Amino acid sequence: MSDSNASLPIIDNPGVNRRRFLKTAGATLGLAAWAAAMKPLLDLTPEVNADEFLQKHYRELTPEQKAVVFKRLEEEAKAEYDVDVTISDPPPMENVLFGYALNLSVCIGCRKCAEACHIENNHDRASNNSYICVFEMEKGGIDFEKGNATYDHPVPAPGKYYMPVQCQQCENAPCVTACPIEATWKEKDGIVVVDYNWCIGCRYCEAACPYHARRFNWEKPEIPAEEVNPDQSYLSNRIRPQGVMEKCTFCLHRTREGRLPACLEACPTGARVFGNLLDPDSEIRWVIENKRTFVLKEELGTKPRFFYYFDE
Amino acid sequence: MKISAGKMLFFVGLIIISAIAAQMYASVKQRERIVSPPQAEYSTLFPVKINAPKPLAEIATDQKDAKGNAILVSCQSCHSVRSPNPQNGSAGPLISFHQDLDFVHGKLVCISCHNPEGYYADFRLASGESINPENVMTLCAQCHGPQFRDYQNGSHGGMTGHWDLRKGPRQRNHCVDCHDPHKPAFPLFRPVAGPNDRFTPHQTKGTHE
Ligand code: SF4
Ligand code: SF4
């Protein structure tokens with residue numbers, strides 16, 4: 001995970017990361033002197049909050065520390081968005097590896113899935129962002145060059161088919177290798193997550209993703225209080241700060257509690273199949289074993305856990 | 001009483017054999033426990049409910065109410081006295097009733113699915129067996145086998161609820177939630193608006209470039 005990807009312009013300097021920098025700085029200067037040295041930085045702007053700056057990586061937080069962090073984030077949401085949210089962090093379930101499949105023969109390109117994602121995951125309203133991009137494709141091939149993601153006419157249009165693309169939750173995730181500070185990683189259930197408080201916004205992961213599945217928060221997300229989804233989790237749909245990366249998490253705040261992802265529930269055609277790849281009786285396994293599924297850009301060796309198929 | 005050496009040998013043998021058998025049984029048991037899924041957990045699965053189709057009770061007439069909506073009449077009010085014409089296969093010749101009926105479903109005719117003996121409000125399989133409106137999926141499955149197979153395996157038709165039935169129930173669509181049986185082709189949709197992000201140049205607000 002810490003290996004840097006040779007094909008990307010990453011400064012290979014594993015000895016220094018932010019955490020270690022803070023630690024050594026603290027040790028050499030002494031705490032008071034160090035605090036004084038950091039003062040100008042912490043005074044910079046009210047948005048750079050000292051607690052946040054000093055927060056450890058999510059995976060190093062003890063349950064007690066997590067509780068403190070989550071409380072702070074809930075207070076921030078109250079202050080900035082005027083909503084009472086709850087931030088949880090459901091852990092990966094035992095013996096569960098998530099997979100998703102999409103039937104291209106029945107998808108009509110209605111973008112209902114993208115709309116559901118937008119709402120569920122507290123995306124910025126102005127950009128109408130979501131983690132799903134639906135391409136209108138020419139029948140007879142898979143050529144994204146000829147794909148159009150901005151169509152706005154009744155669907156399905158003659159001679160076209162529709163291909164929604166979101167994070168493929170790759171087994172060999174190039175985005176994870178590209179991150180110079182381990183702010184993004186793959187969890188036990190196969191979901192690639194981002195610690196938004198650790199991300200420094202360098203966007204290497206965005207460049208590394210062959211599926212354009214990652215989004216950057218150019219601006220602070222604007223969402224009216226009454227539209228905020230208050231059921232949030234640390235690693236998924238909590239409102240992201242400005243300047244960090246975000247991506248589809250298979251709605252882990254829902255799916256780790258056994259629920260279906262928001263995009264699947266919204267799909268009016270039933271094009272989407274979700275489930276546990278480790279359960280031989282699951283729907284997703286049935287699809288993989290009985291349909292001719294394929295993955296996008298297989299030649300890259302990313303090993304997606306997102307499958308596509310056509311009915312014969 | 002004296003026990004002969006032969007008998008003694010027999011009993012000892014019996015004890016040894018039963019010990020071995022018990023051992024084998026225990027190890028089989030053990031293996032079973034390892035390979036089989038945790039039964040207790042799976043025995044409490046939540047249900048998968050399928051939406052019930054609305055019962056067929058009324059049909060539009062050619063009369064309109066003050067708001068311009070077609071006046072409905074119960075099937076039974078005509079069909080209990082007026083015997084159907086099984087020769088009729090389309091809505092065209094029906095000039096005073098069934099006005100909203102747009103019938104485009106292969107080469108089927110009314111009585112391919114409707115049971116005239118039940119005033120058309122219940123259904124009939126190709127075998128002649130009459131079926132309850134709740135089980136109408138069986139009727140569709142007579143011709144749409146692959147779709148029904150996919151449906152049974154959770155890969156056709158929308159659903160909500162839980163992927164993990166150990167955690168909660170699931171609600172599934174019925175055929176007629178998405179397909180009008182008289183005109184089953186999925187209708188055209190106006191898509192939800194797409195994103196206004198920087199990958200779609202003609203839509204950007206011009207704040208970042
Ligand atoms: S909601 Fe379903 S049918 Fe509509 S674009 Fe998404 S996957 Fe396709
Ligand atoms: S699984 Fe959730 S996060 Fe991922 S695309 Fe669907 S709605 Fe968005």
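No disulfide was found over all chains when the whole structure, a predicted model, was searched. A:Cys179 accordingly takes part in no disulfide, and the sulfur of A:Cys202, the nearest cysteine sulfur, is 6.0 Å away. A:Cys179 is buried, its relative accessible area being 12%. In chain B, the cysteine sulfur closest to that of B:Cys113 belongs to B:Cys140; because these sulfurs are 7.4 Å apart, they are too far from each other for a bond. B:Cys113 is partly exposed, with a relative accessible area of 23%. For reference, a disulfide is a covalent bond between the sulfur atoms of two cysteines.

Cysteines also appear around both of the ligands described here. The shell of ligand 1 includes A:Cys107, A:Cys110, A:Cys113 and A:Cys267. Also among the residues surrounding ligand 1 are A:Ile108, A:Gly109, A:Arg111, A:Lys112, A:Pro164, A:Pro268, A:Thr269 and A:Arg272. By class, this shell comprises seven nonpolar, two polar and three charged residues. Around ligand 2, the cysteines are A:Cys117, A:Cys248, A:Cys251 and A:Cys263. The surroundings of ligand 2 further include A:Asn121, A:Tyr131, A:Ile132, A:Gln166, A:Thr249, A:Phe250, A:Pro261 and A:Ala262. Nine residues of the ligand 2 shell are nonpolar and three are polar, while none is charged.

A:Phe250, one of the residues around ligand 2, also belongs to an aromatic cluster. The other members of this cluster are A:Phe98, A:Tyr100, A:Tyr161, A:Phe274, A:Phe294, A:Phe306, A:Tyr308, A:Phe310 and, from chain B, B:Trp163. Over all chains, the search of the whole structure yielded 18 aromatic pairs. Charged side chains are likewise placed over aromatic rings. In chain A, A:Lys220 lies over the face of A:Tyr81, 4.8 Å from the ring centre. In chain B, B:Arg172 is positioned over the face of B:Tyr151, and the distance from the ring centre is 3.9 Å.

The confidence of the prediction was considered for the model and for each chain. The scores for the model are ipTM 0.82 and pTM 0.78. Chain A has an average pLDDT of 88, and 84% of its residues score at least 70. In residues 1-23 of chain A, however, the pLDDT is below 50, and this stretch makes 30 contacts in the model beyond near neighbours in sequence. For chain B the mean pLDDT is 77, with 72% of the residues at 70 or more. Residues 27-41 of chain B have a pLDDT below 50 and, beyond near neighbours in sequence, two contacts in the model. In the stretch 200-209 of chain B, pLDDT also stays under 50, and the model has 15 contacts beyond four places in sequence for these residues. Predicted coordinates should not be read in detail where pLDDT is low.

Methods: Residues numbered from 1 in each chain as written. Chains lettered and ligands numbered in written order. Predicted model: local features only at pLDDT ≥ 70, side-chain atom pairs only at ≥ 80, totals over all residues. Heavy atoms only, no water. pLDDT = per-residue confidence, 0-100. Contact = heavy atoms within 4.5 Å. Phe/Tyr/Trp six-rings, centres within 6.5 Å; stacked < 30°, edge-to-face > 60°. Lys NZ or Arg CZ within 6 Å of the ring centre and 35° of its normal. Near = heavy atom within 4 Å. Nonpolar A, V, L, I, M, F, W, Y, C, P; charged D, E, K, R; others polar. Disulfide = S-S within 2.5 Å. Buried < 20%, exposed > 50% of the residue type's maximum accessible area, 1.4 Å probe, protein only.
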